[in-house]
Amino acid sequence: MATGDAESFTDELNGLHLEAVIGFNGHVPSGLICHPDREHLIYPLGCTVIVQGINIRTQDFLHGHTNNVSCVTVSSSGSYVASGQITFMGFKADIILWDYQKREMLARLSLHKGKIENLAFSPNDLYLVSLGGQDDGSMVVWSVLKKEAICGSPASARSAGNPTTLIYSNCRDEMFISAGNGTIRVWELDLPNRKIRPTECQTGQLKRIGNCAMMTEDDSYFYIGTSTGDVLKLNTKSTLMSDYGPIKEKFSLGVTALLLLKTGDLVIGTGAGIVAHCSGSNYKTIKKVQLQGAITSITPRGQGHQFFVGTNEAQIYRFSFSDFREELIATCHSEAIHDIIFPFGTSDLFATCSKSDIRVWYTPENRELLRITIPNMTCHAIDFMRDGKSIISAWNDGKIRAFTPETGRLMYVIEHAHSMGVTALATTSDCKRIISGGGEGQVRVWEISKSTRKLEEVMKEHISSISCIKIKKNNKECVTASIDGTCIIWDLVRFMRRQMILANTLFKCVCYHPDEHQLITSGTDRKIGYWEVFDGSPIRDLEGSLSGSINGMDITADGTFFVTGGDDHLVKVWDYNEGEVTFVGVGHSGNITRLKICPNNKYIVSVSADGAILRWKYPHAN
């Protein structure tokens with residue numbers, strides 16, 4: 001569903017109120033920007049641009065892109081924000097010009113195809129220059145006031161590669177610079193003739209790929225950070241290289257971000273996660289700090305006494321320049337999130353799991369409290385034991401691991417729990433059993449005591465991966481959903497199949513209605529099915545989504561409402577008896593993988609394949 005459809009669809013319905021977002025797309029080069037008002041950070045997440053208060057944790061959302069944001073820039077006065085997006089090959093990729101004060105869209109600029117690689121504003125907010133991606137290869141200058149294109153040109157010579165980075169002059173509205181694979185150009189805008197004219201810069205024998213660029217305040221020189229791990233310094237007027245360095249010890253994995261200080265020194269960010277303070281004369285490292293993930297953004301606050309650093313592992317750090325110490329101010333998942341769970345009866349905490357880690361969050365402040373990391377493994381599902389003493393997790397290496405929720409210490413491991421990875425699990429309310437499902441389709445019951453973990457029973461009926469398990473309140477029955485097109489209701493006393501539900505779908509999620517006489521299911525056929533628990537007969541089915549699979553559902557404790565989320569990126573709140581959607585939440589840019597209503601019915605928390613966690617206000621009065 002295109003965003004246009006989503007908007008018209010939600011205009012007719014009540015929109016859910018988005019309270020907070022945990023997420024930052026750290027893969028966008030120079031995507032983290034400190035606004036000139038020094039009070040806000042601007043950064044992309046999926047197809048949204050987020051404006052976040054630094055001291056007071058407010059969040060505003062700029063919605064309008066139909067696909068992931070690929071670049072963001074802010075004008076030097078701070079009045080305008082511009083963002084560009086990716087789209088499908090051959091389709092127009094939009095640039096959106098935003099009014100920063102009003103937090104609203106001023107114009108949608110469409111000329112480039114495929115992807116907007118980079119954007120830059122002229123120093124007096126007169127022009128915006130945009131660079132198309134590899135398939136587009138063009139440079140366009142836009143009038144900010146008229147909101148239309150002035151002129152364009154191919155971005156590089158045929159013999160050279162594609163430019164990826166742009167910087168505008170600090171003093172003149174008619175000059176900007178592009179750099180990329182074997183190309184560095186100084187451009188002059190000739191407004192009367194509506195042309196832009198490039199001058200190639202000469203770097204002699206050096207062959208370099210430019211990653212990032214910075215211009216001195218008086219425009220006399222500019223610096224290019226390269227993938228080789230050195231920095232080139234070029235004279236703007238003569239377009240010749242004046243020097244480069246460091247000559248001997250180059251930065252590992254390339255220079256990926258640059259910040260030029262008033263003193264002439266440089267702060268360099270590298271692909272290996274190092275932030276280094278280098279002297280301007282000989283590029284010698286004075287101080288350096290190792291961070292987590294490749295550095296993709298360095299942005300100064302005010303005059304640069306403080307600066308912020310963003311990495312591709314979705315971490316945001318604050319540095320004070322005087323002592324060059326880092327402070328981690330924001331974290332989130334950088335990979336798809338597979339599951340979310342609240343502890344029993346607690347709404348202030350929840351846990352999420354992703355590739356190689358489980359994280360525990362403090363709901364009111366969106367703050368990460370604990371991170372449990374198992375490198376190079378993927379966690380598919382998590383559950384809190386009812387007594388709150390352990391987090392049980394399902395991993396793709398076929399192991400079930402239990403951790404303490406306070407410290408993240410490993411309590412025990414069940415080795416070889418499933419042969420093709422553990423894909424789903426649930427725990428009984430008496431804390432004595434774990435029911436697990438695997439990639440091979442087996443359902444296994446584990447008896448858990450203080451010192452031992454024993455395999456009690458194996459139930460083999462499913463022929464494909466188990467996607468969801470729910471246990472009845474009395475712990476005597478459970479239901480398993482599988483992508484083989486069946487849901488099976490099991491007797492946990494005699495370990496036999498009670499009922500089988502069949503549908504032409506890959507089942508992704510299942511819930512018991514709280515009175516436990518009915519089940520609701522959903523999956524890739526986009527239908528929400530209601531079933532009798534007693535005999536497995538269908539009651540009714542609803543059209544759950546217009547496009548794409550439904551991957552997650554949760555039901556309120558009284559059974560009056562339930563929520564669904566899936567590949568259409570929408571969170572929907574349903575009236576159980578009426579079978580009608582009452583509220584819709586628009587905000588995700590990735591496929592929603594799971595969602596939960598918190599125990600006190602204050603929030604709905606949804607997680608998605610782009611690593612975002614969104615917290616919505618629960619819309620119905622308790």
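# A tour from R185 to the C-terminal hairpins

Begin by selecting R185, which lies in strand β17, residues 183-190. Here strands are DSSP runs of E with at least two residues, helices are runs of H or I with at least four, and both are numbered from the N terminus. The model is a predicted one: local features need pLDDT of at least 70 and side-chain atom pairs count only at pLDDT 80 or more, while totals for chains, interfaces and linings use all residues. Residues are numbered from 1 along each chain as its sequence is written, and side-chain values use heavy atoms, with hydrogens and water left out.

**Stop 1: the surroundings of R185**

Is R185 buried or exposed? Its relative accessibility is 8%, so R185 counts as buried; the classes are buried under 20% relative accessible area, exposed over 50% and partly exposed in between, with a 1.4 Å probe and protein chains only.

Next, display the polar partners of this side chain. The side chains of R185 and E200 are joined by a polar contact of 2.7 Å. A polar atom of the R185 side chain also lies 3.2 Å from the backbone oxygen of A155. A polar contact is a pair of N or O atoms within 3.5 Å; within protein, one must be able to donate a hydrogen and the other to accept it, and residues adjacent in sequence count only if both atoms are side-chain atoms.

Then widen the selection to the contacts of R185, where contact means heavy atoms within 4.5 Å. Leaving aside neighbours within four places in sequence, R185 touches P154, A155, S156 and A157, then F176, I177 and S178, and finally P198, T199, E200 and C201.

**Stop 2: the sheet β3 to β6**

Move to the open sheet of 4 strands in the order β3-β4-β5-β6, whose pairing is antiparallel. Strands β3 (33-34) and β6 (59-63) form its edges; each has a single partner strand, so one side of each is left without a neighbour in the sheet. Two strands are called paired if DSSP finds at least two bridges between them. For β3 and β4 (residues 40-45), 2 bridges make the antiparallel connection. Select C34 to see one position of this pairing: its bridge partner in β4 is L41.

**Stop 3: V493**

Now select V493, in the loop between β43 (486-491) and β44 (496-502). V493 has a relative accessible area of 53%, and therefore counts as exposed. A line drawn from V493 to V51 spans 54 Å, C-alpha to C-alpha, for a sequence separation of 442 residues.

**Stop 4: the annotated repeats**

Colour residues 415-456, 459-492, 543-584 and 585-622, which an unreviewed UniProt entry annotates as "repeat: WD". UniProt positions are given in the numbering used here, feature names are shortened, and annotations may be inferred rather than shown by experiment. Residues 459-492 are 0% helix and 59% strand, with end C-alpha atoms 10 Å apart. For residues 585-622, the values are 0% helix and 50% strand, and the end C-alpha atoms lie 19 Å apart.

**Stop 5: a mixed sheet**

Which strands make up the open sheet that includes β1? Its 5 strands run in the order β1-β52-β51-β50-β49, with mixed pairing. The edge strands, β1 (14-15) and β49 (550-555), each pair on one side only. Within this sheet, β51 (residues 570-575) and β52 (residues 580-586) are antiparallel over 6 bridges. Select V571 and its bridge partner in β52, G585.

**Stop 6: strand β54 and its two hairpins**

Select β54, residues 603-608, where 6 of 6 residues are buried. In a regular strand, side chains alternate between the two faces of the sheet. In β54, Y603, V605 and V607 point one way and I604, S606 and S608 the other, and all are buried.

On one side, β53 (residues 592-597) joins β54 in antiparallel fashion through 5 bridges, with K596 paired to V605. The hairpin of β53 and β54 has 5 residues between the strands, and N601 in the turn has a positive phi of about 60°. Strand β55 (residues 613-617) also pairs with β54, antiparallel over 5 bridges; here I604 stands opposite W616. This hairpin has 4 residues between its strands, and G611 in the turn has a positive phi of about 85°.

**Last view: the whole chain**

Zoom out to the full protein, with 1 helix and 55 strands. Of its 622 residues, 60% count as buried. The C-alpha atoms fill a box of roughly 85 × 50 × 45 Å along the principal axes.
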